[in-house]
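Visitor: I am new to this structure and would like to be taken through it by question and answer. Please show it first.

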Amino acid sequence: MAHPKRKTSKQRRNKRRTHYKATAPTVMNCQNCGATVQYHRVCPECGHYKGKLALEKEVSA
Amino acid sequence: MRHRKNFNHLGRKSGHRKAMLSNMASSLIMHKRIQTTTAKAKALRSFVEPLLTKSKDDSTHSRRIVFSKLQDKEAVTELFRDVSPKIIDRPGGYTRILKTGTRLGDNADMCVIELVDYNENLLAAQEEKGGKSKRRRRGSSKKKEDSPKAVAAPQTDLEKKTPAVEETKEITSEEAAPEAAKAEETVNTNEVIAEDTAVAEEAAEIKAEDKDVSEKNDDQSEETPEEEPKKE
């Protein structure tokens, strides 16, 4: 079996990792209370989804 | 080969997975709403919905089939006695999955899965909006049969129409009047517009109907795009 001749240097490793990036989640404001909410999620503040009351507070928490 | 054996194993062996889904289905039926991870909820949905459909036919045979899946007689009783009369009119889609964010600890994608007919808040919101929004096109032939009856009323007295419009859309009453005039001109020539007026009068299935109408009369769709934003 073929094997690597050299250990991957720190520089090579780090350069490879420059392309590993985290993407920011897309957020919007809740139609009811204005809190910042991720898309397709129930608002954690007020339990509304698409401007309608979906879940009471204690359930959605 | 694994070809097309495409479902989520949920990291469990078959027996473990079946037992878990069975327990989750019983819990959902007993409590109407359970909190779980999104992956499990989606697996549960395809497990429990056929059982809910089975419950519409209350026979010993279907009870035994459901029991063979649930292995819980309280849940079976609850399903056939209390749940099935509520879901009898719903053609599938008995559950709703609402995503609620991620869990502390493993950052798992969490959600709430519930029986649609037991969420009082959303049911009330739906009624306020006015009935179910129409998502299927195939039923339109049925609607055409109904529509002539509805059309008959606005054709006879058009004046009656304008106050009705003002009641329904208080904010936009000023704009409603020219619309009515427009409708008056074309009402005799085009029945589709008349149907639109009927819809406005009822103010019931406004949104869905409007979409239908706008599809039908592409030429006279001047009114419909104006109306759509108001009704929301």
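Visitor: In which helix of chain A is A:Lys15 found?

Guide: This is a predicted model, where local features need pLDDT of at least 70, side-chain atom pairs count only at pLDDT 80 or more, and totals for chains, interfaces and linings use all residues. Residues are numbered from 1 along each chain as its sequence is written, chains are lettered from A and ligands numbered from 1 in the order in which they are written, and side-chain values use heavy atoms, with hydrogens and water left out. Helices (H or I, at least four residues) and strands (E, at least two) are DSSP runs, numbered from the N terminus. A:Lys15 lies in residues 10-17 of chain A, which form helix H1.

Visitor: Is A:Lys15 buried or exposed?

Guide: Buried means under 20% relative accessible area, exposed over 50%, and partly exposed in between (1.4 Å probe, protein chains only). A:Lys15 has 54% relative accessibility, so this residue counts as exposed.

Visitor: What is the secondary structure of chain A, and which pattern does the chain follow?

Guide: Chain A has 2 helices and 4 strands. Along the sequence, the pattern of chain A is α-β-β-β-β-α.

Visitor: Which element gives the largest share of the largest nonpolar core?

Guide: A nonpolar core is a set of buried Ala, Val, Leu, Ile, Met, Phe, Trp, Tyr and Cys residues joined through side-chain atoms within 4.5 Å. The largest one has 28 residues, of which B:Leu44, B:Leu52, B:Leu70 and B:Val83 touch the most other members. Elements giving two or more residues to this core include helix H1 (14-31) and strand S3 (109-115) of chain B. The largest share, 7 residues, is from H2(B).

Visitor: With which residue does B:Asp109 form a salt bridge, and is that residue buried or exposed?

Guide: A salt bridge is a side-chain nitrogen of Lys or Arg within 4 Å of a carboxyl oxygen of Asp or Glu. B:Asp109 pairs with A:Arg41, with the closest N and O atoms 3.9 Å apart. This pair crosses between chains, from strand S3 of chain B to the loop between strand S2 (36-38) and strand S3 (48-49) of chain A. A:Arg41 has 15% relative accessibility and therefore counts as buried.

Visitor: How many residues apart are B:Arg90 and B:Asp117?

Guide: The two side chains meet in a salt bridge (2.8 Å, N to O). B:Arg90 is in the loop between H4 and strand S2 (95-102) of chain B, and B:Asp117 is in the loop between S3 and helix H5 (120-129), so the pair links distant parts of the chain, 27 residues apart.
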